[in-house]
Amino acid sequence: MLISRCDQDGQRGHELSKKKVTDKRRGKSKSTSHYLLDAQVGFVLRQVLQRHATIFVGRMGEDLTMTQWAALSKLLELGPCSQNLLGRHTAMDAATIKGVVERLVKRGLLETSPDPEDGRRLLVALTPEGAALAERSIPVAHEITKATLSPLAKEERTLFLSLLERLK
């Protein structure tokens with residue numbers, strides 16, 4: 001038996017088969033219609049992220065990863081800040097931001113110094129080379145976003161970004 005799923009707008013979605021599948025190892029029957037990976041939000045978001053990452057790598061150049069770009073652009077926006085705060089602003093855990101900062105320091109794009117108010121904290125700042133790279137990469141970053149969202153109409157892009165903000 002074939003069942004058509006519809007979303008709230010009545011649009012036709014995935015078609016599901018209700019036939020039973022036998023698990024040969026256990027001899028049990030289970031329905032294949034209880035869970036469709038392709039219809040799960042996490043799976044779809046991962047596919048969209050993979051598409052975005054492919055666009056990013058193909059266009060960004062400068063040998064920057066998405067996490068490195070996030071750190072550079074956030075420092076350009078905020079100015080110097082602690083490594084911990086930079087990690088929070090870029091949605092990176094402590095280990096990830098530490099590695100990103102270390103790699104960008106080695107490339108001469110960031111510099112670190114002890115926080116004069118709290119020696120346990122590390123302050124991170126753009127070097128002049130890092131600031132110049134971030135500035136010249138902004139138009140490319142805008143093009144990457146535009147390419148990622150290109151399958152959507154202008155109104156859909158605005159709505160999509162608004163809905164994603166609500167899911168954070």
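Trainee: What share of the 168 residues in the protein chain is buried?

Mentor: Buried residues make up 27% of them. Keep in mind that this is a predicted model.

Trainee: What is the overall order of helices and strands in the protein chain?

Mentor: The chain has six helices and seven strands. Along the sequence they follow the pattern β-β-β-β-α-α-β-α-α-β-β-α-α.

Trainee: Which residues have the most contacts inside the largest nonpolar core?

Mentor: They are Trp69, Leu72, Leu86, Leu104 and Leu110, in a core of 24 residues. Two or more residues each come from helix 1 (41–60), helix 2 (66–78), helix 4 (94–106), strand 7 (118–126) and helix 5 (128–149). Helix 5 gives the largest share, five residues. As general background, nonpolar side chains in soluble globular proteins tend to be buried together.

Trainee: What does Trp69 touch, not counting residues up to four places away in sequence?

Mentor: Trp69 touches Phe56, Met60, Leu64, Ala134, Ser137, Ile138 and Ala141.

Trainee: Let's move to a polar residue. Why is Ser82 counted as buried or exposed?

Mentor: Buried means under 20% relative accessible area. Ser82 has 9% relative accessibility, so Ser82 counts as buried. This serine is found in strand 5 (residues 81–82).

Trainee: And what does the side chain of Ser82 reach?

Mentor: The side chain reaches the backbone nitrogen of Leu85 at 3.0 Å. A polar contact needs a pair of N or O atoms within 3.5 Å, and the value for Ser82 and Leu85 is 3.0 Å. Leaving aside neighbours within four places in sequence, Ser82 is also in contact with Arg121, Leu122 and Leu123.

Trainee: Why is the meeting of the Asp115 and Arg121 side chains called a salt bridge?

Mentor: The cut-off is 4 Å between a side-chain nitrogen of Lys or Arg and a carboxyl oxygen of Asp or Glu. For Asp115 and Arg121 the N to O value is 3.0 Å, and the pair is a salt bridge. The search of the whole structure finds six salt bridges.

Trainee: How do you know whether Asp115 and Arg121 are buried, partly exposed or exposed?

Mentor: Asp115 counts as buried because its relative accessibility is 10%. Arg121 has a relative accessible area of 36%, so it is partly exposed, since that class lies between under 20% and over 50%.

Trainee: Which other side chains meet in a salt bridge at 3.0 Å, N to O?

Mentor: Asp118 and Arg120 do. At 16% relative accessibility, Asp118 counts as buried, whereas Arg120 is exposed, with 76%. Another of the salt bridges joins Glu165 and Lys168 at 3.1 Å, N to O, and both of these residues are exposed.

Trainee: What makes strand 6 and strand 7 a pair?

Mentor: Pairing needs at least two bridges. Six bridges join strand 6 (residues 110–115) to strand 7, and the strands run antiparallel. One of the bridge partners in strand 7 is Val124, which is matched with Thr112. A hairpin joins the two strands through two residues.

Trainee: What makes you say that helix 6 lies largely in the open?

Mentor: The number buried among its 14 residues is zero, so helix 6 lies largely in the open.

Trainee: How does the span of helix 6 (residues 154–167) stand against the expected one?

Mentor: Helix 6 reaches 20 Å from its first C-alpha to its last, close to the 20 Å expected at 1.5 Å a residue.

Technical notes: Residues numbered from 1 in each chain as written. Predicted model: local features only at pLDDT ≥ 70, side-chain atom pairs only at ≥ 80, totals over all residues. Heavy atoms only, no water. Core = buried A, V, L, I, M, F, W, Y, C linked by side-chain atoms within 4.5 Å. Buried < 20%, exposed > 50% of the residue type's maximum accessible area, 1.4 Å probe, protein only. Helix = DSSP H or I, 4+ residues; strand = E, 2+ residues; numbered from the N terminus. Contact = heavy atoms within 4.5 Å. Polar contact = N/O pair within 3.5 Å; in protein donor to acceptor, adjacent residues only side chain to side chain. Expected span 1.5 Å × (residues − 1).
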